[in-house]
Amino acid sequence: MASRYDIQIVNNDLFFNAQGDFVIAVSDEQHIEDTINAFPGWWKEDPEDGVGIASYLGGPLNTQLLAKNIILQLTADGYTVTSPTVTLDTSGNLIVNPNATI
């Protein structure tokens with residue numbers, strides 16, 4: 001599968017070049033991040049797409065369930081996912097490495 005391209009997003013905002021035009025860039029990283037953050041139902045063209053990672057915060061964390069959900073969602077989008085890692089750092093921040101490739 002080839003890399004996906006889309007309008008570049010920087011800090012959750014559109015990115016424009018010096019001439020004021022949209023910049024088209026490889027968007028796989030952004031797509032993976034969007035899929036992990038999105039809740040099912042956010043995308044009308046694919047209502048089952050999304051991990052909804054925020055729903056895993058603020059309660060007991062089942063890292064195996066979260067990793068399984070990441071694998072299912074990203075595999076459905078055409079990515080190859082090998083052993084995603086989900087951990088909490090000493091400050092309680094959730095660290096997710098999806099280990100996803102095209």
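Below, a biologist and a modeller chat about this predicted model.

Biologist: Let's start inside. Which residues of the largest nonpolar core touch the most other members?

Modeller: That core has 13 residues, and the ones touching the most other members are Ile32, Val51, Leu66, Ile70, Leu74, Tyr79 and Ala100. Two elements, α1 (28-37) and α2 (63-76), give two or more residues each.

Biologist: And which element gives the largest share of this core?

Modeller: That's α2, with 4 residues. As a general point, nonpolar side chains in soluble globular proteins tend to be buried together.

Biologist: Pick Leu74 for me. What is Leu74 in contact with, leaving aside neighbours within four places in sequence?

Modeller: Leu74 contacts Ile32, Thr35, Tyr79, Val81, Pro98 and Ala100.

Biologist: Pro98 caught my eye there. Where does Pro98 lie?

Modeller: In the loop between β7 (94-97) and β8 (100-101).

Biologist: Is Pro98 buried or exposed?

Modeller: Buried: its relative accessible area is 15%, and the cut-off for buried is under 20%. Not counting residues up to four places away in sequence, Pro98 touches Ile32, Ile36, Ile70, Leu74, Val81 and Pro84.

Biologist: How far apart are the C-alpha atoms of Pro98 and Thr80?

Modeller: They are separated by 9.8 Å, with the two positions 18 residues apart along the chain.

Biologist: Back to α1. Which of its residues are buried?

Modeller: Asp28, Ile32, Thr35 and Ile36. They sit on the same side of α1, because they cover an arc of only 100° around the axis.

Biologist: What covers those buried residues of α1?

Modeller: The cover includes β4 (24-26), α2, β7 and β8.

Biologist: Now α2. What about Asn69, buried or exposed?

Modeller: Asn69 is in helix α2. With a relative accessible area of 17%, Asn69 is buried, since anything under 20% counts as that. Leaving aside neighbours within four places in sequence, Asn69 is in contact with Val51 and Tyr56.

Biologist: Changing topic: how many aromatic pairs does a search of the whole structure find?

Modeller: The search finds 2. One of them is Phe39 with Trp42, a tilted pair at 5.5 Å centre to centre and 55° between the planes.

Biologist: How do Phe39 and Trp42 count for exposure?

Modeller: Phe39 is partly exposed, at 28% relative accessibility. Trp42 is at 52%, so it counts as exposed, the cut-off being over 50%.

Biologist: Pockets next. How much space lies in the largest pocket?

Modeller: About 270 Å³. The lining has 16 residues, and those nearest the centre are Asp6, Gln30, His31, Asp34 and Trp43.

Biologist: Which elements each supply at least two residues of that lining?

Modeller: β1 (5-7) and α1 do. The largest share comes from α1, with 4 residues.

Biologist: One last residue: where is Asn12 found?

Modeller: Asn12 is in the loop between β2 (9-10) and β3 (13-14). Asn12 is exposed, with a relative accessible area of 69%.

Biologist: What separates its C-alpha atom from that of Asp46?

Modeller: The C-alpha atoms of Asn12 and Asp46 are separated by 21 Å, and the two residues are 34 residues apart along the chain.

Key
Residues numbered from 1 in each chain as written. Predicted model: local features only at pLDDT ≥ 70, side-chain atom pairs only at ≥ 80, totals over all residues. Heavy atoms only, no water. Core = buried A, V, L, I, M, F, W, Y, C linked by side-chain atoms within 4.5 Å. Buried < 20%, exposed > 50% of the residue type's maximum accessible area, 1.4 Å probe, protein only. Contact = heavy atoms within 4.5 Å. Arc of directions from axis to C-beta. Phe/Tyr/Trp six-rings, centres within 6.5 Å; stacked < 30°, edge-to-face > 60°. 1 Å grid on protein atoms, 1.4 Å probe; cavity = no way out; pocket = protein on both sides within 12 Å on 5 of 7 lines; lining within 4 Å. Points joined across faces, edges and corners; volume = space filled by probe spheres on them.
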